[in-house]
Amino acid sequence: MSKDAPVDPRGPRFSAWITTAILAVVLLTGSWRLLAAQTVLFGLCAFISLKLNPWGHVYRYAVQPRITPTSEREEAAPLRFAQGVGFVFALVGTIGYATGLTALGVAATSAALVAALLNAALGLCLGCEVFLLLRRVAPALARPQ
């Protein structure tokens, strides 16, 4: 697993808007193939590098040069964890749709859609928040009583 550099927080929000659109299309069409492609993208970003996200490249080269620069940066580890959470939900959704368990596909895809929309619209990354909570709780759990 590579160590990604801190990122402009507007990039993940931009990516979340595109992810929101993709997941909405999946819910409208029931396309397990489109959801499988999103699952692969989540997996690449979570387990290899955020640099593999094509929407990040679109942001960096097409959007970022046209907006006011910012010095604000966000650590990559919480973002990668969030991509891992998205991977799990998208994988469960893909399995659901592909095997005819449509309700499972809809439920898992809907959960991923809500998380992506919260990130896109409000800047609230649920996976990032869980990562930070686990980081605070884990050292307390590891200490001997």
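**Exercise 1. The buried face of α5**

Task: Determine which residues of α5 are buried, and where they lie around the helix axis.

Solution. The coordinates belong to a predicted model, in which local features need a pLDDT of at least 70 and side-chain atom pairs count only at pLDDT 80 or more, while totals for chains, interfaces and linings use all residues. Residues are numbered from 1 along each chain as its sequence is written, and side-chain values use heavy atoms, with hydrogens and water left out.

Step 1: sort the residues by accessibility, where buried means under 20% relative accessible area, exposed means over 50% and partly exposed lies in between, with a 1.4 Å probe and protein chains only. In α5, the buried residues are Gly-105, Ala-108, Thr-109, Ala-112, Leu-113, Ala-116, Asn-119 and Ala-120. Step 2: take the directions from the helix axis to the C-beta atoms, which define the arc; the buried residues cover an arc of only 140°, which puts them on the same side of α5. An α-helix has 3.6 residues a turn, so residues three or four places apart point the same way. Step 3: turn to the other side of α5, where Ala-103 and Leu-122 are exposed. Step 4: list the partners, counting as contact heavy atoms within 4.5 Å; the buried residues of α5 pack against α1 (10-29), α2 (32-47) and α4 (76-98).

**Exercise 2. Helix lengths and ends**

Task: Work out what end-to-end span α5 and α4 should have, and set it beside the model.

Solution. Step 1: fix the elements, helices being DSSP runs of H or I with at least four residues, and strands runs of E with at least two, numbered from the N terminus. Step 2: compute the expected span as 1.5 Å times one less than the number of residues. For the 21 residues of α5 (residues 102-122) this gives 30 Å, and the end C-alpha atoms are 29 Å apart, which agrees. For the 23 residues of α4 it gives 33 Å, against 32 Å between the end C-alpha atoms, which again agrees. Step 3: inspect what follows each helix: Gly-100 comes after α4 with a positive phi near 90°, and Gly-123 comes after α5 with a positive phi near 75°. Step 4: in the loop between α4 and α5, locate Thr-99, which is exposed at a relative accessible area of 52%; the C-alpha atoms of Thr-99 and Trp-32 are 9.3 Å apart, although 67 residues separate them in sequence.

**Exercise 3. Ring geometry**

Task: Classify the aromatic pairs Phe-14 with Tyr-59 and Phe-47 with Phe-87.

Solution. Step 1: state the criterion, by which rings of Phe, Tyr and Trp (its six-membered ring) pair if their centres lie within 6.5 Å, planes under 30 degrees apart counting as stacked, over 60 as edge-to-face and the rest as tilted. The structure holds three aromatic pairs. Step 2: Phe-14 and Tyr-59 have 5.9 Å centre to centre and 45° between the planes, and are thereby tilted. This pair links distant parts of the chain, with Phe-14 in helix α1 and Tyr-59 in helix α3 (residues 54-63), 45 residues apart. Phe-14 is partly exposed at 22% relative accessible area, whereas Tyr-59 is buried at 4%. Step 3: the ring centres of Phe-47 and Phe-87 are 5.2 Å apart and their planes stand at 90°, so the pair is edge-to-face. Here too distant parts of the chain are linked, Phe-47 in helix α2 with Phe-87 in helix α4, 40 residues apart. Phe-47 is partly exposed, with a relative accessible area of 47%.

**Exercise 4. Cysteines**

Task: Establish which cysteines form a disulfide, and why Cys-45 has no bond to Cys-125.

Solution. Step 1: apply the criterion of a pair of cysteine sulfur atoms within 2.5 Å. The structure holds one disulfide, formed by Cys-125 and Cys-128 with their sulfur atoms 2.3 Å apart. Step 2: assign the handedness; the torsion about the S-S bond of Cys-125 and Cys-128 is about 70°, so the disulfide is right-handed. Step 3: add the accessibility, which is 10% for the buried Cys-125 and 8% for Cys-128, also counted as buried. Step 4: examine Cys-45, whose sulfur is 13 Å from the closest cysteine sulfur, in Cys-125, and therefore too far for a bond; at 0% relative accessibility, Cys-45 counts as buried.
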